[in-house]
Amino acid sequence: MRYEAPESLEGAVALLAGATGEARVLAGGTDLLVQMRADVVDPELIVDIKRIPETRRVTEEGGGWRIGAAVTGAELKEHPGLRKVWPGVVEAANLIGSTQVQGRATLGGNLCNGSPAADSVPALIAAGAVASLAGPGGRRDLPVEDVMLGPRRLALAKGEIVVSFLLPPRPPRSGDAYLRFIPRTEMDIAVVGAGVSLTLDGGGTIIAARVSLGAVAPRVLLVPDAARAIIGSRLDEAAQRRIEAAARAACRPIDDKRGTTEFRTDVAAVLARRAALIALDRARAS
Amino acid sequence: MAKHHIQAKVNGDDVEFLCETEETLLDVLRDTLNLTGSKEGCASGDCGACSVMLDGRLVCACLVLGCEVGGRQIETIEGMATGASLHPLQQRFLEAAALQCGICTPGFLVASRALLEKNPSPTETEVRYWLAGNLCRCTGYDKIVTAVLDTAATMRKG
Amino acid sequence: MARVVLVGNLAQITGGVAEIDLSATSVQQLFRQLSERYPALERYLEGGVAVAIDGQIFQDSLLEPIGPDSEVFILPQIAGGRGQVLNYDISSRVGRAQPTQKMS
Amino acid sequence: MAESSGHGATNGQHFVGTRQIRPDGVDKVTGRARFGADVSLPGQLIGRVLRSPHPHARIVSIDTSKAEALPGVKAVITRQDFADQPSEFVPAGEMMMNYKDVVRNVMAREKALYEGHAVAAVAATSTAIARRALRLIDVKYEVLPHVIDVVEAMRPDAPLLHDDLFTAGVEPKPAKPSNVAKRVEIKQGDVEAGFKTADVVIEREFKTAPVHQGYIEPHAALASVSEDGSTELWTTTQGHFIVRAHCARLLGLDIGKVRVTATEIGGGFGGKTVVYLEPLAIALSRKAKRPVKMVMSREEVFKASGPTSGAVVRVKLGATRDGKFVAAAAELKYQAGAFQGSPVQPGVMCAFAPYDIEHVHVVGYDVVSNRPKVAAYRAPGAPISEYAVESVVDEISKKLGIDPIQLRMMNAAREGTKAAYGPKFGPIGLEETLNSIKKTEHWNTPLRKWQGRGVASGFWFNIGGETCVSLTVNEDGTISLMAGTPDIGGLRASLTSVAADELGVPYDKIRPIIGDTGSLGFNFLTGGSRSAFSGSMALVEAAKQIKADLCARACKLWEARPELVEWKDGAVRPLGALAEKVKPMTIADFAKVAGKTGGPIGGVGRINAQGAGPSFGTHLVDLEVDPETGRTTILRYTVAQDAGRALHPAYVEGQFQGGAVQGIGWALNEEYVYGADGKLQNPGFLDYRMPVASDVPMIDTILVEVGNPKHPYGVRGVGETPIVPPLGAIANAMEQATGIRFTELPMSPPKVLKALKDRGLNKA
């Protein structure tokens, strides 16, 4: 098993594009190392992207924020600017595993692990984040909701890596939130996740919203119907019932050891509503 | 392929070792450097018994590759006591019976120290959530959480 | 005479007799007298029972004294930190079939 | 009083009942303590186990030739390396076991009986080579239909695990084999007649999931066998003498040639009372002629080491209008795993033990299925049956409108009560625990909507057993204490306090260790809440020998008759006129002249400890249910338990707190989840959800001390009872919070939400 830690994007892309066997990108390693130990994957090449400066930075860009794919959850939490503008995204990243896992886990890894239950992904999708990719064919942008195709399946070409995420500029009176359901208080994989981002007008009416659900379908979903259910409202009782219904309608979950279809569907509705209410409070307070 | 030749600092000492790509930092610490104070309870980042500091950041040594740590600083339980004296957390854990079997204790101590360095006045809830990645099956956590809170109070007094 | 009570399946081995008066003055004598009367009991007494004498439970002890008015219970051995392993196999013994319990 | 030199006199200071720092503590907070996987030997090989991917399969053939040919592989073992054992229950150490099953559990013979069942093992020069070698072993399986669920396994048409297993305990002998290994029962009075006198009868069926002991340290063993057959073994175990007995028997070794050292042990809870890796490591080392180290992965721990039984329990309890229990019946079906031997017998005996009931009939079934063989788990069998009974007691309390503590008090077993399993209780503390719970501020605090409060009591027998400890007086008057039961939760601290008080020597002048099997006489294992109880009893004997010896030496030194000397307050003291002439002598004084007065000073306590007093406990819990998600939060928890006398109160509290939190896990989230393919789906700490620190509140404790008259310090075992009441207490609190009686564990969110939804209650 080969290990490489290139210091440039070009180097990483060349290594991955040139690999003859299975090649894996190592960011935080919190999923990859577990899969290697369990013999789920046995890569021939591991490319550690943490020495590439672009993957390790958080920078302001055009009024928004660009987050490197290999920035850890703990680093995001400590970033004062980011936490203020995108509390939902930062909270979601900090729900991945333990404090120890936070010291390693990254947004890029969380997305590219290809799990529909990834905690940070619904929050990124709700935020309208765009992934910046680098590959043998050059750079391109892809909305986060389009990166994952299904469990362990990504829309990345051979040799292509996620370099960073761009969170768009934030209009005034905006707020976001992410909630997930787990049986314990920590350490579990999300049984259901719900991310909501919304913007109010001066009168407190929702004028824009994005709603995303995790662990209720083969990939993390952007649910435009759930957003439409609350746009134009002040999230009154009727709007709350509408977002619940829209969330419920979007669910296509499986029965597994972590939850039944019925449970996931019911809880998705509850979390979508609760996340929307938190986002609303944050938008009002901002 | 040949083994990786790695140079790093462990508890302030320069170390050099050879490792295979698939060997974790925990494998290296325990099997190569004979630092067996970090324990393997799960090898999947779920129990925290292998908690160490990597460049000042709390991590599970089982989730780091040995070949990743070249040029970096690692602190383990073996480096927690300085000279002849135990760290206040170690001392308080002893006095408060905050350990029963003791297998999880190194991980709890390393993680608790990381917490108090970051937050000298944690609430009970903050202690519990910070330590949620450290499993203990013996104590029910009560005496551990109490020991951390008491140590924080003592350290604040200086 | 000490009153000896066989608890649980042991009574099946004695053909349903659960209470016996014996003149034993020690556990060893008790086992000997019981085995003479019910030879099938012997192997269970040797290695898999506890004896409660006037409320106190003794395990693996042949020498405990038994008083003339003692109440003695012979119980399955109480294992802690491990499950009960002795198999009360009475299948080849003559005995009264126990009716299965009705829960209604 | 004459001045004595040295440290011998402790000035009347007593250590029993105080919170001393554990002597093994510094090593444990510095990472220095050596646990199972921390021990290594020069030239050691790494052993790995090949495990069955199938829950039930005939092993047609095993070809190890390719693995043996791999460079670096030094030994490969399979079923052929273990002689078969006859089907008989034989003593092993102090246990009775059927070695026919034991030999098959450590290494599959005819069939693999559960996913993870060991099929072969290799020893190689590195982990990587050992792993590669396992892939080169070619096992041909004939896959057979499997059965996982206990009720399905009892069906006549269920796949059969053992074609020679005929249900024991039924007449006539069954004509056909089945998965029901035995039927056990206890009976008192006439339950049919008893139920007729009841004004209220509640009958309900309960189901519990198998749960794992969940110790954080995986099994580990290091064996070194020399050419003459001398065998050394280091292992993490609750009983190294028991390991020695098992290994000697399974491998045909003389017990005297096997020396087993218990490493520090990272939790056991009953799960480290049996052998898994140890015989394999010895067999590999014997073959390779080099030391072999084996460590299980967490996945192997879950798949191949004992959880406790899952069960189906039916309970029927009758009471009069004014709350007196008059008749009780129960039927217990306990799943044993692949081989017989579930803890159904103690489950049967414990079910109604907390109560004074005239008519009792309990029947239990021990049932095999394609799961790992169960191992003991803290009060084996009792939490399951007592959970069911405590739930029904709660229901009767609601139905009759009697306060649940009051109802328990009315029916509580007390001194002189004939236990449901036969004999009369001596002094016991159940009423005291109920009383102390009733007096707490906790019990009297108001609750809000969706919150509930539950109470439940619990019982465990506790045991004594064979115990050997030694006390040696060193040249400088310090003391070496050796015990033979592994210390899992502070045993050395408790025993050191006892030795200090017995000998009048300061606590810090006594150094305790756990001796290996060559250093002491036979010790039964650490289990049954026995090690502090029995060890302290044996220490009193050992100290008695020392004191008698020192008095005799003083007589000779002082040329005095025995009645003129006495041991008092840490010294031999002259009496009467002699006191004018000579000064008292402490242990330190004698240590200086030990050689000149007859040689080394020491005592060995060798006992078969009897008189273990039962320990009763009562738990009180508050919780809150989120009606929209079914998630339960434990808000507050109080444990009251009778410890007899707490040798070290902090470690007694620790037992209460740890047991309560294990019980919380059992009640709310822990379970083995199997797929339709018979494979375990959650063999890791990610999806086997043990409570984490943020899941639980502080666990308040109330130490009740109703002395055990059979113990010199009044001690009762305390380690197991704390896991008995939580399941019932939490289920009862859930009922109060939701109005729903949950009869299936774990009460996980999907189950709770479904129950709420079915009743239209899933709205905040």
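Colleague: What makes up the secondary structure of chain C?

Modeller: In this predicted model, chain C has three helices and five strands, where helices and strands are DSSP runs numbered from the N terminus (H or I over at least four residues for a helix, E over at least two for a strand). Along the sequence of chain C these elements follow the pattern β-α-β-α-α-β-β-β. Residues are numbered from 1 along each chain as its sequence is written, and chains are lettered from A and ligands numbered from 1 in the order in which they are written. Local features need pLDDT of at least 70 and side-chain atom pairs pLDDT 80 or more, while totals for chains, interfaces and linings use all residues, and side-chain values use heavy atoms, leaving out hydrogens and water.

Colleague: How do you know what share of chain C counts as buried?

Modeller: Buried stands for a relative accessible area under 20%, exposed for over 50% and partly exposed for what lies in between, using a 1.4 Å probe and protein chains only; by that test, 58% of the 104 residues of chain C count as buried.

Colleague: How do you know whether chain C touches or misses chain B?

Modeller: A contact requires heavy atoms within 4.5 Å, and none joins chain B and chain C, whose closest C-alpha atoms lie 15 Å apart. Chain A and chain C do not touch either, with 29 Å between their nearest C-alpha atoms.

Colleague: Why is chain A called as compact as a globular protein of its length?

Modeller: Chain A contains 11 helices and 14 strands. Its radius of gyration is 18 Å, close to the 19 Å that the globule rule gives for 286 residues, so chain A is as compact as a globular protein of that length; the radius is taken over C-alpha atoms, and the rule is 2.2 Å times the number of residues to the power 0.38. Among contacts in chain A between residues at least 6 apart in sequence, 60% join residues at least 24 apart.

Colleague: Why are α11(A) and α20(D) called roughly perpendicular?

Modeller: Helix α11 (residues 261–285) of chain A packs against helix α20 (residues 749–758) of chain D at an angle of about 75°, their axes being 10 Å apart, and that makes α11(A) roughly perpendicular to α20(D), since the term covers 65 to 115 degrees (under 35 is roughly parallel, over 145 roughly antiparallel, the rest oblique). In this contact Glu262(A), Phe263(A), Asp266(A) and Val267(A) meet Pro749(D), Pro750(D), Leu753(D), Lys754(D) and Lys757(D), a set that divides into five nonpolar, no polar and four charged residues.

Colleague: What makes α18(D) count as mostly covered?

Modeller: In α18(D), 20 of its 20 residues are buried. This helix, residues 649–668 of chain D, reaches 29 Å from its first C-alpha to its last, close to the 28 Å expected, which is 1.5 Å times one less than its number of residues.

Colleague: How do you know whether Val718(D) is buried or exposed?

Modeller: Val718(D) is buried because its relative accessible area is 13%, although the residue is found in the loop between β28 (699–704) and α19 (725–738) of chain D. Not counting residues up to four places away in sequence, Val718(D) touches Ser529(D), Gln641(D), Asp642(D), Ala643(D), Val652(D), Gln655(D) and Phe656(D). Its C-alpha atom is separated by 38 Å from that of His162(D), 556 residues apart along the chain.

Technical notes: Axes are lines fitted to C-alpha atoms, for helices over the stretch in contact, and angles run from 0 to 180 degrees between N-to-C directions. Ala, Val, Leu, Ile, Met, Phe, Trp, Tyr, Cys and Pro count as nonpolar, Asp, Glu, Lys and Arg as charged, and the others, Gly among them, as polar.
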